[in-house]
Amino acid sequence: MLLRNLWYVAGFSRDLPAGQKVARKFLGESVVLFRTDAGELGALEDRCCHRAMPLSDGFVDGSIIRCCYHGIEFDKTGACTRIPGQDRIPAAAFVRSYPIFEKNAVLFIWMGDPAQADPATAPSHRWHSDENWAWSGKHYALKANWQLLVDNLMDLTHLAYVHARTIGGNPEMHFRTHTQVKREGNTVTAYRHMPNSIPPRTYVDAAGFKGDIDRWQEIEFEPMVIRVLTGGCEVGTGAYEGKRDHAFQMVFMHAMTPESEDTTHYMWTAATNRIDRGIPEIVFKQIDATIDEDTAVLESQQRRMSETPGGKLVDIAGDNASNQVRHVIAGMFEAERNTAAAAE
Amino acid sequence: MLLRNLWYVAGFSRDLPAGQKVARKFLGESVVLFRTDAGELGALEDRCCHRAMPLSDGFVDGSIIRCCYHGIEFDKTGACTRIPGQDRIPAAAFVRSYPIFEKNAVLFIWMGDPAQADPATAPSHRWHSDENWAWSGKHYALKANWQLLVDNLMDLTHLAYVHARTIGGNPEMHFRTHTQVKREGNTVTAYRHMPNSIPPRTYVDAAGFKGDIDRWQEIEFEPMVIRVLTGGCEVGTGAYEGKRDHAFQMVFMHAMTPESEDTTHYMWTAATNRIDRGIPEIVFKQIDATIDEDTAVLESQQRRMSETPGGKLVDIAGDNASNQVRHVIAGMFEAERNTAAAAE
Amino acid sequence: MLLRNLWYVAGFSRDLPAGQKVARKFLGESVVLFRTDAGELGALEDRCCHRAMPLSDGFVDGSIIRCCYHGIEFDKTGACTRIPGQDRIPAAAFVRSYPIFEKNAVLFIWMGDPAQADPATAPSHRWHSDENWAWSGKHYALKANWQLLVDNLMDLTHLAYVHARTIGGNPEMHFRTHTQVKREGNTVTAYRHMPNSIPPRTYVDAAGFKGDIDRWQEIEFEPMVIRVLTGGCEVGTGAYEGKRDHAFQMVFMHAMTPESEDTTHYMWTAATNRIDRGIPEIVFKQIDATIDEDTAVLESQQRRMSETPGGKLVDIAGDNASNQVRHVIAGMFEAERNTAAAAE
């Protein structure tokens with residue numbers, strides 16, 4: 001069961017320079033992403049209609065991508081524009097195309113009904129486009145179902161255990177902190193304030209805090225990304241009254257795009273407002289190490305789940321936010337099913 | 001088809017120091033074995049009841065094992081003893097536990113009905129606990145069904161061919177030697193006397209024989225281990241009248257515990273009564289090389305069997321002892337089936 | 001669906017010196033090929049009838065092959081000739097044998113009804129037996145269905161794209177050249193003349209051409225090999241009137257023998273009439289590099305086809321010859337089906 005009618009993150013804009021192509025599988029379908037020499041994006045079924053050769057083994061040339069086997073050419077709409085050795089192009093000679101566009105240095109693809117693909121509904125991430133912030137990102141081929149990644153990011157207590165050696169800090173602090181969860185439409189946000197906290201290592205390394213700080217964490221789910229806004233400032237300097245420009249801030253984008261039922265394109269970025277003196281590099285390196293801890297957990301969890309389909313799962317109190325997201329997702333599945341049923 | 005109601009060797013006691021855990025799969029079920037800080041053994045379903053995380057990724061702490069993901073704790077009975085962040089423990093929050101105990105430096109686990117798990121019925125191997133003997137062991141992940149290993153060890157003629165380069169010796173000698181097979185309950189023993197034999201290389205290396213010797217081999221199947229008692233002494237010095245203390249002796253334990261239908265935990269030990277001057281090391285090294293020859297055969301045989309399910313198999317005279325063991329095992333399967341049917 | 005009633009290339013004669021054996025899978029069946037000490041060929045089911053051990057793990061000794069496990073022996077007819085430790089040989093103790101013979105340094109095997117196996121119907125390749133020619137060959141384990149390889153070799157336009165960096169030359173030339181296709185029984189031949197051509201690199205390296213040449217290509221499909229006769233000579237010196245002795249010639253044998261539905265033994269040879277001064281080595285090396293380009297394409301194509309079973313395939317003009325071969329093969333399938341149905 002995979003949701004189709006939404007914009008999925010397909011990659012980063014930097015993955016596709018003009019004249020280049022990349023092969024990716026989304027929702028079990030092999031797709032070739034390419035950028036024409038003039039800079040336009042294309043996303044096509046990665047299978048030539050002649051003899052099933054992957055188009056991604058071919059070459060971008062001007063505005064087309066050419067199959068490497070017999071030289072057949074397709075434009076970004078999937079139309080066959082040339083078959084070497086013959087003048088007539090058969091009506092059946094085309095490949096499926098997928099809506100694709102880019103925003104905030106992120107590529108978005110629509111794997112569902114193209115008629116519903118409105119770019120205005122794609123998630124934004126303005127920090128990628130703000131020159132007062134620095135950011136970096138990574139594409140990780142996660143061997144786990146995408147929903148396990150959503151659970152992981154919306155759950156607020158695993159930091160105490162999974163990240164005990166990195167950003168976790170004292171387990172008890174995480175359980176003492178109250179979490180407020182708010183749902184609006186398909187968006188779920190969890191807010192946590194941690195006044196008078198000991199700053200974690202990354203905060204000290206990046207911002208040079210000498211005493212305690214007022215920290216915040218805001219985790220926003222919007223299908224199918226999770227933004228995490230986090231930061232801290234000297235105690236009593238306005239963190240909870242919305243004065244945060246002087247604070248040390250980190251904003252994360254976590255995109256989870258299903259490759260198959262059991263594998264996920266996990267694409268994440270980390271941005272910070274401390275952009276001088278190598279700080280962004282320190283932040284990125286420490287976050288990278290932290291996320292490695294998560295992906296190891298998720299892949300181990302997936303292996304066990306695959307071994308025990310239908311096995312018992314018992315909820316705990318910490319599942320509140322992730323369960324609200326599960327409800328949102330269940331509603332989206334239901335809506336897709338109804339739309340599909342109505343169409344029949 | 002895998003037998004459940006018997007004690008299987010789960011490993012060696014030395015595999016589990018206090019405060020440690022190890023992940024193993026038995027009969028297709030993932031199990032975490034652990035030893036508490038106080039030295040008690042636990043064997044639990046290796047899957048946290050919260051989100052299916054393997055408990056073997058977690059940590060032993062005092063008398064519990066803690067899940068690495070959200071810190072949930074279980075004791076050796078499988079009871080959940082703590083869920084961080086909440087006071088109430090739901091009734092469904094527990095994992096399955098398996099009977100486990102140790103004897104003669106061997107760990108035994110019971111994968112079937114716990115009510116039938118009587119430690120008195122587990123095989124013994126006193127040589128592991130006799131300080132006049134030295135022993136060493138190995139755990140080999142065999143890519144073959146466990147029954148092929150039983151066949152191999154009970155069959156007395158393959159030595160001539162599989163071990164021609166190591167302990168086999170002259171093929172004809174193996175066929176001239178008479179084998180007496182005795183069955184008592186579920187135990188099958190094959191006896192062979194080889195008077196006036198040329199001593200094999202291992203015997204000469206370990207005991208310094210200069211002339212011919214009187215040899216014996218006793219192969220005892222007791223579900224699901226095979227003990228092999230073997231040795232030799234100068235001709236006419238009492239080997240066949242039960243006087244063997246002065247002889248060179250080697251005693252082997254071969255345990256075959258199904259991991260799945262097609263893979264087996266093959267755990268074997270070699271013990272000897274010649275414990276001085278590096279002799280045990282010589283014995284173990286030569287036996288290890290010999291067993292490598294067997295496992296190569298078994299894995300090749302399994303590959304071909306998997307390719308040709310239901311293919312023709314023709315018995316030969318040498319199958320006598322292994323066929324008696326097959327009858328014992330068939331009887332045990334029948335008994336388990338009847339018990340299961342009666343329980344429904 | 002795999003054709004059974006024809007002679008498949010099983011390997012090269014040089015693969016099997018006297019006293020040697022080799023394990024191969026044909027049409028999903030594991031076969032051991034061996035040559036007795038006296039030089040006779042045997043092809044047996046690679047599975048001992050006792051306990052399913054692969055006979056290819058055993059040894060050839062005189063006129064038999066001996067199982068490595070318990071020493072059971074079989075001759076080249078598949079008859080069991082000895083069971084160590086017993087005098088009687090049970091009637092069921094035999095393994096299947098396959099017709100096998102060799103011609104022109106090539107081994108041929110018949111996987112279908114032995115009654116129909118007439119060596120006179122096997123393809124010939126006289127260049128392997130002509131001392132005025134030099135040849136070399138290779139066995140490639142292709143991870144693709146055999147029919148994709150037939151398509152590749154019968155199709156005359158892929159050279160422009162797949163081999164653009166090696167023997168392809170100018171794409172346009174390939175499309176300008178007229179191809180004449182002739183079918184006789186189960187044989188399909190495509191003829192192409194390329195007068196006044198620029199000689200490709202291999203031609204210049206091997207024959208030292210300084211100006212343009214008259215080239216020809218003749219591609220002959222005869223189940224289940226494809227012979228390619230190709231060459232060139234100075235313009236107007238008789239290439240198209242059958243005077244070719246003075247020309248530079250290369251003759252290829254491409255044999256495609258199914259290992260399974262998705263894997264193929266691709267065995268090819270390259271022969272040339274320029275046998276002095278290292279020329280054959282130059283030819284073979286350049287052809288080898290070219291064929292690597294094909295196998296990469298075919299394996300990528302197979303992966304995509306396996307992902308999209310039943311997916312759309314649109315023919316183009318260049319498919320003429322390969323489609324005629326497909327018709328031949330479809331007819332052979334039909335004939336085998338009818339024979340099988342009549343036999344029931």
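Start by selecting the boundary between chains B and A: 20 residues of chain B are in contact with 21 residues of chain A. Colour the chain B side by residue type and you get 11 nonpolar, six polar and three charged residues. Keep in mind as you click around that this is a predicted model.

Now swing over to where chain A meets chain C. Here 20 residues of chain A are in contact with 21 residues of chain C. On the chain A side of that contact, the tally is 11 nonpolar, six polar and three charged.

Next, try superposing chain B on chain A. A turn of 120° with a shift of 0.1 Å along the axis does the job, leaving an RMSD of 0.1 Å. The two copies are thus related as by a three-fold rotation axis. Want a landmark for that axis? Pick B:Ser306, which comes closest to it of the residues of chain B, with its C-alpha at 13 Å.

Hide the other chains and look at chain A by itself. Its secondary structure comes to six helices and 17 strands. The C-alpha trace spans about 75 × 50 × 35 Å along its principal axes. The radius of gyration is 22 Å, which agrees with the value near 20 Å for a compact globule of 344 residues. Buried residues make up 44% of the chain. Among contacts with a separation of 6 or more, 55% join residues 24 or more positions apart.

Stay in chain A and select residues 320–343, helix α6. This helix has 24 residues and reaches 35 Å from first C-alpha to last, close to the 34 Å expected at 1.5 Å a residue. Show side chains for A:Ala321, A:Ser322 and A:Val325, which are buried. What covers the buried residues of this helix includes α1 (146–154) and the strands β12 (179–184), β13 (187–197) and β14 (213–222), also of chain A.

Jump to the chain B copy of α6 and pick B:Asn338, which sits in that helix. Is B:Asn338 buried or exposed? It counts as exposed, because it has 10 C-beta neighbours inside 10 Å. For a distance check, draw a line to B:Ala296: the two are 42 residues apart along the chain, and their C-alpha atoms are separated by 36 Å.

Last stop, the interior. Bring all the chains back and select A:Ile109, B:Ile109 and C:Ile109, which touch the most other members of the largest nonpolar core, a set of 276 residues. Zoom in on A:Ile109: beyond its neighbours within four places in sequence, it is in contact with A:Tyr8, A:Ala10, A:Phe26, A:Ala43, A:Tyr98 and A:Ile100. In soluble globular proteins, nonpolar side chains tend to be buried together.

Key. Residues numbered from 1 in each chain as written. Chains lettered and ligands numbered in written order. Predicted model: local features only at pLDDT ≥ 70, side-chain atom pairs only at ≥ 80, totals over all residues. Contact = placed C-beta atoms within 7 Å. Nonpolar A, V, L, I, M, F, W, Y, C, P; charged D, E, K, R; others polar. Least-squares fit on C-alpha atoms with pLDDT ≥ 70 in both. Helix = DSSP H or I, 4+ residues; strand = E, 2+ residues; numbered from the N terminus. Buried ≥ 20, exposed ≤ 12 C-beta atoms within 10 Å, placed from the backbone. Expected span 1.5 Å × (residues − 1). Core = buried A, V, L, I, M, F, W, Y, C linked by C-beta atoms within 7 Å. Rg over C-alpha atoms; globule rule 2.2 N^0.38 Å.
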